[in-house]
Amino acid sequence: VVFMHSNRYIEFHSQVGNYYTIRTPKQGRACDYRYSSCDLYCVGATNEIYRFNLEQGQYLEPLSSKSTGFNACEFNPEHELFACGSVEGHLECYDPRVRSLVGNIDCAVYANSNSGNSVSLPAVSCIKFKDALNIAVGTSTGQILMFDIRSNKPYFIKDHNYNLPIKRIDFHTLNDDYVLSIDKKICKIWNRHTGKNLTSIEPATPLNDMLNIPGSGLICLTNDSPKIFVYYIPTLGNAPKWCTFLDNITEELEEKPADTVYDDYKFLTLKELDTLGLSHLIGSDLLRAYMHGYFMDIRLYNQAKSVAEPFAFAEYRKQKLRAKIDLKREKSRVPLPIVPTVNKELAEKLLHDEGDFIVNKKKKQKAADTKESLTILKDSRFRSLFTNPDMQIDANHVSFKNIAPLVSRLSKQTAVEDESISNENDEDQDEEEQEDDDGNDLIDDMLTSDEDN
């Protein structure tokens, strides 16, 4: 394994670790290996292409270029044509047998015209050969140019539309028509003939590199986070042999039924259709049967409802006005204390003794004059006496009969007061009924005046 460092060092590693280290004269940016001659070609911030022979262990005479620097390089595995991408946006091809330039394509012209960005000159950021004739060139402005090496014009241009340098391009081995490309923000999978996107992956952290496991749909993305993002796309291919469980998970997900959501439709039952008078539409294209009812277009539903219920808005407005009047009346009334259901008679007698059970005898009496602190009922020591049904007093018990004279005297006093209170409540009820009649007349007058206007 060969590692190119940012401090101008290149390390050769074996299974035991660092095997050998060399230093390049200028900063390197990319390298590739030629198998037939055991040469390591390195490009970087210089116009020279360094050649290091691994058999002899020494540098060979470098190849010279007119460009000021290179960002990418790659050998074609079919005929060993060496392609380099320069910072000026040129694609230069060298024949290693004669060690000379055999082809030059100006990619910046096509990339710049497609992006419309004339601030900086587009540079070649990455290169990838598909086969002996097809090559993909990524630019620093976010375009991918597909070339046939027999022509100096691209037959297709794909734009990422982010104006970010393309970091990696790869051709899928099973589906030859699909190309995988990444920049700092997104990974796109698209058709190399039409440019139509199959899918896109946009993680939250910036991307650095990509690896598509050969012959599978598994993609690994390195990024600025501790973990490598791994994605499985069954459309591209099956899972690798060493993780076949991904296919089983995919089959289980496909078996689950997907819920269909209708955003622009209204669900109606058969009874609601009869109410709207639309039951004759059953079986037509306007209704879509679903479960125990039908889906209808929301626009058709609104039209049918406005025709079937022409006075719905008037009724709604009348209810709103009545609710406002009732709310105003509730604020003017004095609330009565709530008496518990368990031992209700005892609670009322205790309230009478403490003076807490006070009834509004006059309509104009203010709420501040009424005591609302029910001390005994709120006391935590006696709470179970009025909440626990097991604590209910048994009037037939012997102990209760011993205090019957006292209880009867209190009962007579309570009955007299209740009778006076009931008479006053009847008068208040008559007044409230009169107010209700006046409120109804008021609502009718308001609605009539609005209709006249």
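## Burial and the predicted model

A residue is called buried when its relative accessible area is under 20%, exposed when this area is over 50%, and partly exposed in between. Arg34 has a relative accessibility of 12%, and therefore counts as buried. The structure discussed here is a predicted model.

## Overall architecture

The protein has 453 residues, of which 33% are buried. Its secondary structure consists of 10 helices and 25 strands. About 28,700 Å² of the protein is exposed, and carbon and sulfur atoms supply 52% of this area.

Contacts between residues at least 6 apart in sequence include a share that spans greater separations: 41% of them join residues at least 24 apart.

## Salt bridges in the structure

Side chains of opposite charge can pair when their charged atoms come close. Across the whole structure, 8 salt bridges are found. Among them are the pairs Arg34 with Glu80, Arg150 with Asp148, and Asp209 with Arg168.

## The Arg34–Glu80 pair

In the salt bridge between the side chains of Arg34 and Glu80, the N to O distance is 3.0 Å. Arg34 belongs to strand β4 (residues 28-34), while Glu80 is located in the loop between β8 (70-75) and β9 (82-86); the pair therefore ties together parts that are 46 residues apart in sequence.

The burial of the two partners can be stated separately. Arg34 is buried, at 12% relative accessibility, whereas Glu80, at 21%, counts as partly exposed. The value for Glu80 is not under the 20% cut-off, so this residue is not classed as buried.

## The Asp209–Arg168 pair

Asp209 and Arg168 also meet through their side chains, with an N to O distance of 2.9 Å. Asp209 lies in strand β20 (residues 207-212) and Arg168 in strand β16 (residues 168-171), so this salt bridge ties together parts that are 41 residues apart in sequence.

Both ends of this pair fall in the partly exposed class: Asp209 has a relative accessibility of 25%, and Arg168 has one of 36%.

## The Arg150–Asp148 pair

Arg150 forms a salt bridge with Asp148, and the closest N and O atoms are 2.9 Å apart. Which partner is buried, and which is exposed? Arg150 has a relative accessible area of 64% and is exposed. Asp148, by contrast, has a relative accessibility of 17% and is buried. The cut-offs of under 20% and over 50% therefore place these two partners in the buried and exposed classes, respectively for Asp148 and Arg150.

Methods: Residues are numbered from 1 along each chain as its sequence is written. This is a predicted model: local features need pLDDT of at least 70, side-chain atom pairs count only at pLDDT 80 or more; totals for chains, interfaces and linings use all residues. Side-chain values use heavy atoms; hydrogens and water are left out. A salt bridge is a side-chain nitrogen of Lys or Arg within 4 Å of a carboxyl oxygen of Asp or Glu. Helices (H or I, at least four residues) and strands (E, at least two) are DSSP runs, numbered from the N terminus. Buried means under 20% relative accessible area, exposed over 50%, partly exposed in between (1.4 Å probe, protein chains only). Contact means heavy atoms within 4.5 Å. Accessible areas come from the Shrake-Rupley method with a 1.4 Å probe; for residues, only the protein chains shown count as cover.
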